[in-house]
Amino acid sequence: MKNSTYQNALKTGIFALILLTFGITNAQQTTGDTAKQGDIVPGTTVTAGAVRVVDNKGTIKYLQSMNGVTMLSNTTNNVTTTTWQLGGTLTDDTFIDADGNVFGLDGIELITTEIASTDATTESDHGTGTGYTILVRDEATGATKKLLATDLLQSGQESFTATAAQVAYPLTGSPVLPAFSQVWVYRNGAKLIANVDYTIAASTVTLVPNTTVPNDWSVYAGDIVEVQFVK
């Protein structure tokens, strides 16, 4: 009886917290029933469980958490105290709809000396790797995923020793080349003019020699053709 009275006194604050949490995180189960968890036993239950409350008409009701919200009940002092807190394991796909409003995080630590991760794995827990990765959003599904920093900006360089009249230069590994503004081609150290002296298609650079004086030029055996790109 003492426990019920105490829980009744706390129900307003607890219920407000639950409503706020559900409003922010938009837990995805919006229909159907959820299984009732076992009652919290003061001084014994540590996490999860159902908090029993009594409304102003004497109806016994229960409050419980799920889907990334953790409940912690005291087991030593103030054993009738149960605290809701952010953090836990998601049990359902969960979306936060900013609905045109700003969603931001303050107090984020600035990276100054850390290096990009080289050992990150999919669905890993913190503490299992080193360095940092970058969070990105999958536009097709809305899912938050992580990306190796080295994959965010890719660059490449390859040199070829031409044969007489050779114009096509396919890059090793078949990387898809970006726009002309991100591809630079040199012949014997002299930069060629994009989309005039060379064209790009997929992973191949094709030189376009010119026979018009004074800008005439040809490809000779032994010419060094270098391709650089960033994407």
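Thr70 counts as partly exposed in this predicted model, because its relative accessibility of 23% lies between the 20% under which a residue is buried and the 50% over which a residue is exposed. Thr70 belongs to strand E3, which spans residues 69-73, and apart from residues up to four places away in sequence it touches Ser65, Thr83, Trp84, Gln85, Gly87 and Gly88. One of these partners, Trp84, is 14 residues away along the chain, while the C-alpha atoms of Thr70 and Trp84 are 5.8 Å apart in space. The side chain of Thr70 also reaches the backbone oxygen of Gly87, at a distance of 2.3 Å.

**Overall architecture**

The protein has two helices and 13 strands, and 23% of its 231 residues count as buried. Where contacts join residues at least 6 apart in sequence, 55% of them link residues at least 24 apart. The accessible surface comes to about 15,700 Å², and carbon and sulfur atoms account for 56% of that area.

**Nonpolar cores and a surface patch**

In soluble globular proteins, nonpolar side chains tend to be buried together. The largest nonpolar core here has 16 residues, and Val185, Val205 and Leu207 are those with the most contacts inside it. Strands E9 (183-187), E12 (204-207) and E13 (224-230) each supply at least two residues of this core, and the largest share, three residues, comes from E13. A second, separate core of seven residues includes Ile40, Leu63, Val69 and Trp84; Trp84 is also among the residues that Thr70 touches.

Val205 illustrates the surroundings of a residue in the largest core: leaving aside residues up to four places away in sequence, it touches Val167, Ala168, Tyr169, Leu171, Leu177, Val185, Tyr198, Thr199 and Val227. Val185, another of the residues with the most contacts inside that core, is thus named among the partners of Val205.

Nonpolar side chains are also found on the surface, where Ile96, Phe103, Leu105 and Ile108 form a patch with about 470 Å² of accessible area together. Leu105 lies in the loop between strand E4 (82-86) and strand E5 (133-137), and it counts as exposed because its relative accessible area is 62%, over the 50% cut-off.

**Salt bridges**

Side chains of opposite charge can pair when their charged atoms come close. A search of the whole structure finds six salt bridges, including those listed in the table.

| Lys partner | Asp partner | N to O distance |
|---|---|---|
| Lys36 | Asp39 | 2.6 Å |
| Lys61 | Asp55 | 3.3 Å |
| Lys145 | Asp138 | 2.9 Å |

Salt bridges that share partners join Lys36, Asp39 and Arg52 into one network. Within this network, Lys36 is partly exposed at 46% relative accessibility, and Asp39 is likewise partly exposed, at 31%. In the pair formed by Lys61 and Asp55, Lys61 is partly exposed with a relative accessible area of 42%, whereas Asp55 is buried, because its value of 18% falls under the 20% cut-off. Lys145, the partner of Asp138, is partly exposed with a relative accessible area of 43%.

Methods. Residues numbered from 1 in each chain as written. Predicted model: local features only at pLDDT ≥ 70, side-chain atom pairs only at ≥ 80, totals over all residues. Heavy atoms only, no water. Helix = DSSP H or I, 4+ residues; strand = E, 2+ residues; numbered from the N terminus. Buried < 20%, exposed > 50% of the residue type's maximum accessible area, 1.4 Å probe, protein only. Contact = heavy atoms within 4.5 Å. Polar contact = N/O pair within 3.5 Å; in protein donor to acceptor, adjacent residues only side chain to side chain. Patch = residues over 30% accessible without salt bridge, like charges linked within 9 Å, V, L, I, M, F, W, Y side chains within 5 Å. Areas by Shrake-Rupley, 256 points an atom, 1.4 Å probe, with all protein chains shown as cover. Salt bridge = Lys/Arg side-chain N within 4 Å of Asp/Glu carboxyl O. Core = buried A, V, L, I, M, F, W, Y, C linked by side-chain atoms within 4.5 Å.
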